[in-house]
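Hi,

Here is the structure I said I would pass on to you. Have a look at it first, and then read on for what turned up.

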Amino acid sequence: MFGHLIKRFIQMIFVLWIVSVLVFVMMSFTGDPTFMMVPLDATDEQIEQARRILGLDQSHLVQYWRFLTNLLQGDFGRSFVFRQPALQLIMERLPATLEIVFLAMIMALVVAIPLGVYAGAYPQRAGSRALMAGSLIGISLPGFWLGMVLIFIFAVKLQMFPSSGRGPTEMIWGMRLSFLSWEGFRHLILPAVTLSVGTLAILMSIIRAEMMEVLRQDYIKFARAKGAANRFVLFKHGLKNALIPLITVFGLMLGDLIAFATLTETIFAWPGIGKLLVDSIYRGDRPVIVVYLMFVAFLFVVVNFLVDVAYALIDPRIKVS
Amino acid sequence: MAANMPAAPPAPQRSLQRSWQRFLASELAHNWRRSASAIAGSIIILGFVVMVTAGPYLTAQNPYDVRQLDIMEAFKPPMWLEGGAFQYILGTDQQGRDVWASIVYGSRISLFIGLAAMLGSVLIGATLGLVAGFYGGRLDAVIMRIADIQLSFPSVLIALVSVGWVVYARTVRGATLREKNREYVQAARVSGLPNHKIILKHVLPNVLTPLIVIATIQVGTFILIEASLSFLGVGVPITQPSLGLLIKNGFDVLFSGLWWISVFPGLFIMLVVFGINLLGDFLRDELNPRLK
């Protein structure tokens with residue numbers, strides 16, 4: 001198992017290196033940042049000077065080398081717009097994104113687990129069929145559109161929740177978090193619900209499929225023959241075993257959630273990293289885009305690595321092979 | 001004598017007829033007739049295809065032709081609401097564009113992108129999967145590593161096709177590994193057929209089934225991804241709005257209560273993707289029990 005983890009670790013470093021190359025290539029061939037730096041009426045001489053300062057007069061290879069060494073030294077460049085380190089910008093916005101991502105994840109799990117267990121235990125019932133149809137609809141709808149519909153119903157018409165922005169925040173462990181005050185929590189609800197629907201739908205159908213598989217096993221028959229209570233069999237024996245494969249899905253899902261958060265944050269004007277990315281794309285704020293891409297790739301790779309470790313710890317069969 | 005004989009249909013038509021009859025008698029068709037969700041999905045898809053092909057004949061207005069737009073007709077609600085006009089079933093947008101006409105024209109863009117992205121993914125993915133599975137060895141290892149790396153990116157970071165191919169490559173490789181040791185492939189090898197012919201004529205037809213299942217569902221997924229990208233403003237050009245761009249345009253005026261401009265295109269995407277998923281799930285359960 002240890003060898004397996006080392007192999008995965010090396011692969012992780014390799015992936016991050018590939019990402020750095022991709023990001024660099026993408027940035028080099030999409031527009032010239034010089035014109036973000038110089039005034040509109042700049043002379044040719046000033047433009048030349050700006051290009052020299054940015055290092056754009058060098059060859060691509062030299063530029064990449066500088067880019068890579070700067071990355072490794074923790075220097076991610078400064079935002080053209082905010083005039084502060086791009087990494088700092090991302091870190092300031094990160095708690096806002098994590099807040100809705102985690103709330104969405106919790107909502108999805110809390111709803112999907114009991115419903116998925118039910119649908120898996122009694123697949124023939126009308127209720128289960130309705131749940132599966134609902135799950136299919138949840139997968140079929142554009143999440144950002146659902147957010148708009150929620151805004152229209154609950155914010156514009158019923159005025160139950162605020163339509164956009166983040167509520168008051170409090171400093172905890174050096175992060176600005178908003179879920180502790182009622183006003184802040186009210187702002188969180190609609191974005192989190194929007195974000196959770198897709199995940200909820202997928203989770204439910206996975207749990208159902210896993211439950212159907214697990215309930216066919218002999219140890220379930222044995223538990224039933226022993227006279228164990230139905231609920232005990234379903235949750236203690238059934239769900240526990242059905243949840244193991246979910247761990248692998250978790251890593252991929254977290255990545256998807258952060259990706260979809262970009263849309264949700266745009267709709268709800270939620271000041272997280274996704275909105276920062278979209279704004280930066282519109283403004284041509286290259287350093288911020290670079291850091292966002294590198295950061296998300298890093299997060300994604302690390303989470304998937306941890307998922308692998310957790311999986312190896314939980315499932316003894318992997319240790320052997 | 002010969003003149004009295006009923007004229008036999010030309011050969012291609014006859015073989016088409018025969019395979020159609022064989023299809024009707026198959027287990028798939030039998031189960032299809034008994035599955036309400038498969039029929040519903042097929043009807044939705046058929047309706048969508050008819051709508052996309054008949055396009056211009058279904059609308060009184062060409063929403064891209066500025067001369068046909070009348071700014072005085074802007075912001076009309078759907079016809080069943082007060083102030084709605086029969087002429088504009090689902091209302092009009094900021095520029096007096098018929099929402100229904102926009103949906104019909106936007107569907108063409110969305111479906112085109114969905115299909116094109118799917119075909120691109122199938123082409124790349126199936127080719128790499130076949131090659132990896134058939135030749136094995138180092139080539140296989142390299143291709144599968146690239147697939148692993150690709151999978152460890154969140155989908156938003158990369159464009160449509162570049163995400164899609166991995167699923168095909170993996171599935172096709174798995175199926176190819178299984179098929180290449182079967183007798184018929186051995187027989188083809190012994191008879192001296194070159195490798196590329198064995199792959200195309202013998203292996204490919206036998207790994208096609210899982211491919212079709214994934215491709216069906218993926219068209220829906222791609223329509224959704226395209227809508228998301230368009231909404232963020234990084235999708236297709238604005239001159240020919242896809243369904244996602246229509247939603248974006250409607251979002252700007254949602255807060256003034258003009259909900260129909262964005263809600264109907266979204267509902268429409270949902271209906272179409274739902275239909276595709278219904279049929280896709282049916283096909284998956286029928287054709288490929290292992291994927292269940």
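Let's start with salt bridges between the two chains: across the interface of chain B and chain A, the rule finds zero of them. Do keep in mind that this is a predicted model. What the interface does have is five residue pairs in polar contact between chain B and chain A, with both partners at pLDDT 80 or more. On the chain B side, the elements that give two or more residues to the surface touching chain A are helix H5 (137–151), helix H8 (195–232), helix H9 (243–251) and helix H10 (260–287) of chain B. H10(B) gives the most there, with 11 residues. Sorted by class, that side of chain B has 22 nonpolar, eight polar and four charged residues.

How many residues of each chain are in contact? For chain B the count is 34, and they touch 35 residues of chain A. Together, chain B and chain A bury about 3,100 Å² between them, and 80% of that is on carbon and sulfur atoms.

Salt bridges do turn up once you search the whole structure: over all chains there are 10. One to look up is in chain A, where the side chains of A:Glu99 and A:Arg166 meet in a salt bridge at 2.8 Å, N to O. This pair links distant parts of the chain, with the two positions 67 residues apart in numbering. A:Glu99 sits in helix H5 (residues 86–121) of chain A, while A:Arg166 is in the loop between helix H7 (143–157) and strand E1 (170–172) of chain A.

Now for the empty spaces. Rolling a probe the size of a water molecule over the atoms shows where empty space is left. In this model, two cavities of 30 Å³ or more come out of it.

The largest cavity has a volume of about 60 Å³. Which residues line the largest cavity? They are B:Asp93, B:Val99, B:Ser102, B:Leu246, B:Asn249, B:Ile261 and B:Pro265. Helix H4 (99–135), H9 and H10 of chain B each supply at least two residues of that lining. H9 and H10 of chain B are also among the helices on the side that touches chain A. By class, the lining of the largest cavity has four nonpolar, two polar and one charged residues.

The second largest cavity, at about 40 Å³, is lined by residues of chain A: A:Gly251, A:Leu254, A:Gly255, A:Ile258, A:Val296, A:Leu299, A:Phe300 and A:Val303. Two helices of chain A, H11 (244–268) and H13 (286–314), are the elements that give two or more residues to this lining. Its residues divide into six nonpolar, two polar and no charged.

Last, a pocket. The second largest pocket has a volume of about 710 Å³. It is lined by 26 residues, and the closest to its centre are A:Leu54, A:Phe67, A:Asn70, A:Gly77 and A:Pro287. Helix H1 (2–28), helix H3 (44–54), helix H4 (60–72) and H13 of chain A each supply at least two residues of the lining, and H4(A) gives the most, with five residues. H13 of chain A thus turns up in this pocket lining as well as in the lining of the second largest cavity. By class, the pocket lining has 14 nonpolar, seven polar and five charged residues.

Cheers

Notes:
Residues numbered from 1 in each chain as written. Chains lettered and ligands numbered in written order. Predicted model: local features only at pLDDT ≥ 70, side-chain atom pairs only at ≥ 80, totals over all residues. Heavy atoms only, no water. Contact = heavy atoms within 4.5 Å. Buried area = accessible area lost by both parts, 1.4 Å probe. Salt bridge = Lys/Arg side-chain N within 4 Å of Asp/Glu carboxyl O. Polar contact = N/O pair within 3.5 Å; in protein donor to acceptor, adjacent residues only side chain to side chain. Helix = DSSP H or I, 4+ residues; strand = E, 2+ residues; numbered from the N terminus. Nonpolar A, V, L, I, M, F, W, Y, C, P; charged D, E, K, R; others polar. 1 Å grid on protein atoms, 1.4 Å probe; cavity = no way out; pocket = protein on both sides within 12 Å on 5 of 7 lines; lining within 4 Å. Points joined across faces, edges and corners; volume = space filled by probe spheres on them.
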